[in-house]
Amino acid sequence: MSASASSVASSPVTCAPPRSAYRAAIFDLDGVLVDTAAFHYRAWRQLAQELGFDFPESANEALKGVSRLESLEILLRHGGRTASAAEKTAMAERKNRWYQALLGELVPESALPGARACLAELHRRGVKVALGSSSRNAAFVLERLDIAHLFDAVIDGTCISASKPDPEVFLLGARALGVAPADCVVFEDAAAGILAAKRAGMYAVGIGHAAGLDGADVVVPGLAQFSMNDLFQPAPAVRVPNIDFAAEPFHLTPEDLDWVRSTHAAMSIDEKIGQLFCLVVREDETEASLDRMFELLKPGGLMLRPRKGEVAQRLHRHLQSRSSIPLLLAANLEQGGIGIADDGTRFSAPLGVAATDDEEHAYRLGLVCGREGRAVGCNWAFAPVADIDFTCQNPITNIRTFGSDPTRVARMVRAVLRGLHEGGLAASVKHWPGDGVDARDQHLHATVNNLPVEEWDRTYGEVYRAAIEAGAATIMAAHIALPAYSRHFSPGLTDAQILPSTLSPELNRHLLRGQLGFNGVIVTDATNMVGMTTSMPRRRAVPTAIEIGCDMFLFTVDLKEDLAFMREGLRDGLLSDARLDEAVLRILALKASLGLHRQQRDGTLVPPPEALSVLRCAEHERWARECADRAVTLVKDTQNLLPISPVRHRRVLIHVLGDKGGYLDNGGGNASRLIELLRAAGCVVEVFDPGAPANAALRSSAAMRASHDLVIYFASLKTASNQTVVRLNWGLRLAFDAPRYVTEVPTLFISIDNPYHLQDVPQVKTFINGYTSNSYVVEAIVEKLFGRSRFTGISPIDPFCGYWDAKL
């Protein structure tokens, strides 16, 4: 027993008056944060049975809160056994090995209700937290529960010389936290622990039933029922932080900072308001029409839709020449240079990169986007997508994500950011606070991320922490609500008061800036989406988006009107001068961090025409082929069809679904490449024509077997904004063109976009996902169909959509 513990070991037990200024919390482990009593009991009973007697569960209560050796003594007395000191040590070690093996069954969800939330809330309130447990396995248990990081100190059985009711464990906890015992609250579920806490002079919260916790100052059934407002100060209001220009993501030099401050000081109110806007340049815009836009305002940035690289570069050069403050020039660079230049590289959809499970391909994706975007004059990528594809029904996330595993998503996002940064672009991670939980489209209405706080922290929270640590310069706030966190920071909110992140102070000021410490620029997602336009009257929404923490306003409904709304908001107090200045300073700092002020001075804001040679260059095409080869995934082949042979499968019938190009597709025509390669391999290919009279009725089984050796369904159906679902729809009545002959003729299905088609064709026995509609993927698939290369892709989502029959 330590001297400090000894001095209070016999002190009287008194109930302390509650107060709301305790500075520290010390938690017991078993029965408070987790219930491992069953594991202890199973291990002790195994030992008892080994010694020749039974140990009933009712006897286990006597072991709560006492050390391992003391527990062994109780067990031996119960069985009427004696043992030498050496034998006791060996027994205790055997029991502990069995117990540790059982602890391997623990998962984060094993934490008792309210435990993680209580720990997180204490941290938000600035309360120091320690563990005070006699268990020697406490650290292992905390790691299994994934809550070790929530403790400032851990005092366990490896640190103490006396077990409860001796107060040593709690006194050591107070010492480790640097607080006086009288400033500590102990959470205990055992009478011995309550007595130890009171002997230490601490406030004791009993967890469990009052009848067994005499001496506790207050008793609650569990942490989920504990209200900390009576004992701890509320979390301080999150103040808008000062901008740290020297820190991530800016890293400004004194010279850079001088430019930021001098530029800001020289700006008029209208010029400051102009910097808030990032406008879209439509496909039909010309230099003359863009000049008229500059007569209305001097924007902070613009985004071009894809067009020929030389045209994009020319427009970018003209735009920079019209602005005295260099512009942020953005593009949706998610899959490669194709996001800004029609003649750029379509490297891979993010989901295809995720299927390689190799960060090198994610890095290359970012580097290709950075190099090719920079070549045409971009300096800002609206990428990477940090969403998590938790539902197969979401019409937006899908192949735009790095899958459904938050850990993989975080790894891939980090790697893409590294590539983008090396390519010279700032990145905008999207879509804050996270799409992929809701099955709806935020373009059509505000959607909802309905994860609880703890689950969001473990999933999207970890992804955004990784992105921030990797130096993400900007984060795109989406028209997505996160009710759990909105209510966490503002408990009194009604359902109607919960807003999407583009209009939510809780999500931007408190969560993103305050809790996650993001120091960069927050940009709204497109404000012409229905999710923004219907959340509140636009007159309020335009200035409110900036006031609640967004720094840039993406796109407009009507430029003149939105500009007027922003000015009115500043005049009427909906937008404060302080927020306007903070937003503009962050925007200027972002531009300085990219060196745009120096590039403007040197005439290098837009590269020369010869820089376009990097578009779809040999190295980028080689990388794209390597990624495709690694990504293509054999989801199932339960009929053992593969590899196919031009001898056994000479007569091939192909059904083409989609592959038409058009909006957001940039082409199509991949089916023709597949057909070309199959014919080159020696197959005779017939393309199913739903309009042919012969296909207006069902064929007999015999006719199908007589005319075809293999049926291939080839789907290139992209998910895209403003369409609520992408599912397989059949062209003929009664779905005559659906896969109905799978038991008559070998049938395989190839999808090079949406990976979830098995939900509509579960009967197909061979299914391949390619994830990206480019020729590299088609060529890789054909190589694998004929056995010339192996399938190595790992499905980053559940391609069976939760249906057991889709696996057959």
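Visitor: How many bridges join strand β5 to β6?
Guide: In this predicted model, strand β5 covers residues 203-207 and runs parallel to β6. Within the pair, V205 has V218 of β6 as its bridge partner. The number of bridges joining β5 to β6 is three.

Visitor: Which strands stand at the edges of the open sheet with parallel pairing?
Guide: The sheet has six strands in the order β3-β2-β1-β4-β5-β6. An edge strand has a single partner, so one of its sides is left without a neighbour in the sheet. The edge strands are β3 (153-155) and β6 (218-220).

Visitor: By how many degrees are neighbouring strands of the β3-β2-β1-β4-β5-β6 sheet turned against each other on average?
Guide: The pairing in this open sheet is parallel. With direction ignored, the average turn between neighbouring strands is 20°.

Visitor: How many residues of helix α7 are buried?
Guide: Helix α7 spans residues 168-177, 10 residues in total. The buried set is E168, V169, F170, L171, L172, G173, A174 and L177. The helix is therefore largely enclosed by the rest of the structure, and its buried count is eight.

Visitor: Which residue follows α7, and what is its phi?
Guide: The helix ends at residue 177. The residue after α7 has a positive phi. The residue is G178, with phi near 75°.

Visitor: Which strands pair with β7?
Guide: Strand β7 holds residues 277-281, and four of its five residues are buried. Two bridges link β7 in the parallel sense to β16 (residues 553-554), with C278 opposite L554. Four bridges link β7, again in the parallel sense, to residues 301-304, where L279 has L302 as its bridge partner. The strands asked for are β16 and β8.

Visitor: What is the handedness of the crossover from β7 to β8?
Guide: β7 and β8 pair in the parallel sense. Between them the chain passes through helix α11, residues 287-296. This β-α-β crossover is right-handed.

Visitor: Is C278 buried or exposed?
Guide: C278 sits opposite L554 of β16. Buried means under 20% relative accessible area. The relative accessible area of C278 is 0%, so C278 is buried.

Visitor: How many disulfides does the count come to?
Guide: A disulfide needs two cysteine sulfur atoms within 2.5 Å. For C184, the nearest cysteine sulfur belongs to C118 and is 15 Å away. For C278, the nearest cysteine sulfur belongs to C378 and is 11 Å away. The count of disulfides is zero.

Visitor: Where is the cis peptide bond with omega near 10°?
Guide: One partner in this bond, H431, is in strand β11, residues 426-432. Another cis bond joins W432 and P433 with omega about 5°, and P433 is in the loop between β11 and β12. The bond with omega near 10° runs from K430 to H431.

Visitor: Is Y771 buried or exposed?
Guide: Y771 is in the loop between β22 (766-769) and α27 (775-785). Its phi is positive, near 75°, in a residue other than glycine. Relative accessibility is 0%, so Y771 counts as buried.

Visitor: What does H251 count as at 46% relative accessibility?
Guide: H251 is in the loop between β6 and α9 (254-265). Phi of H251 is near 55°, a positive value in a residue other than glycine. The range between 20% and 50% is partly exposed. At 46%, H251 therefore counts as partly exposed.

Visitor: Which strands stand at the edges of the open sheet with mixed pairing?
Guide: The order of this six-stranded sheet is β17-β22-β21-β20-β18-β19. Inside it, seven bridges join β18 (residues 651-658) to β20 (residues 710-716) in parallel. V652 has L710 of β20 as its bridge partner. The edge strands, each with a single partner, are β17 (633-637) and β19 (684-687).

Visitor: At what angle does α27 run to β21?
Guide: The helix lies across β20, β21 (747-751) and β22. Its angle to β21 is about 155°.

Visitor: Over which residues is the pLDDT below 50?
Guide: The protein averages a pLDDT of 91, and 95% of the residues score at least 70. Where pLDDT is low, predicted coordinates should not be read in detail. The stretch below 50 has 24 contacts beyond near neighbours in sequence, and it covers residues 1-14.

Terms used:
Residues are numbered from 1 along each chain as its sequence is written. This is a predicted model: local features need pLDDT of at least 70, side-chain atom pairs count only at pLDDT 80 or more; totals for chains, interfaces and linings use all residues. Side-chain values use heavy atoms; hydrogens and water are left out. Two strands pair if DSSP finds at least two bridges between them. Axes are lines fitted to C-alpha atoms, for helices over the stretch in contact, and angles run from 0 to 180 degrees between N-to-C directions. Buried means under 20% relative accessible area, exposed over 50%, partly exposed in between (1.4 Å probe, protein chains only). A crossover is right-handed if, with the strands pointing away from the viewer, the path from the first strand over the helix to the second runs clockwise. pLDDT is the predictor's confidence in each residue, from 0 to 100. Contact means heavy atoms within 4.5 Å.
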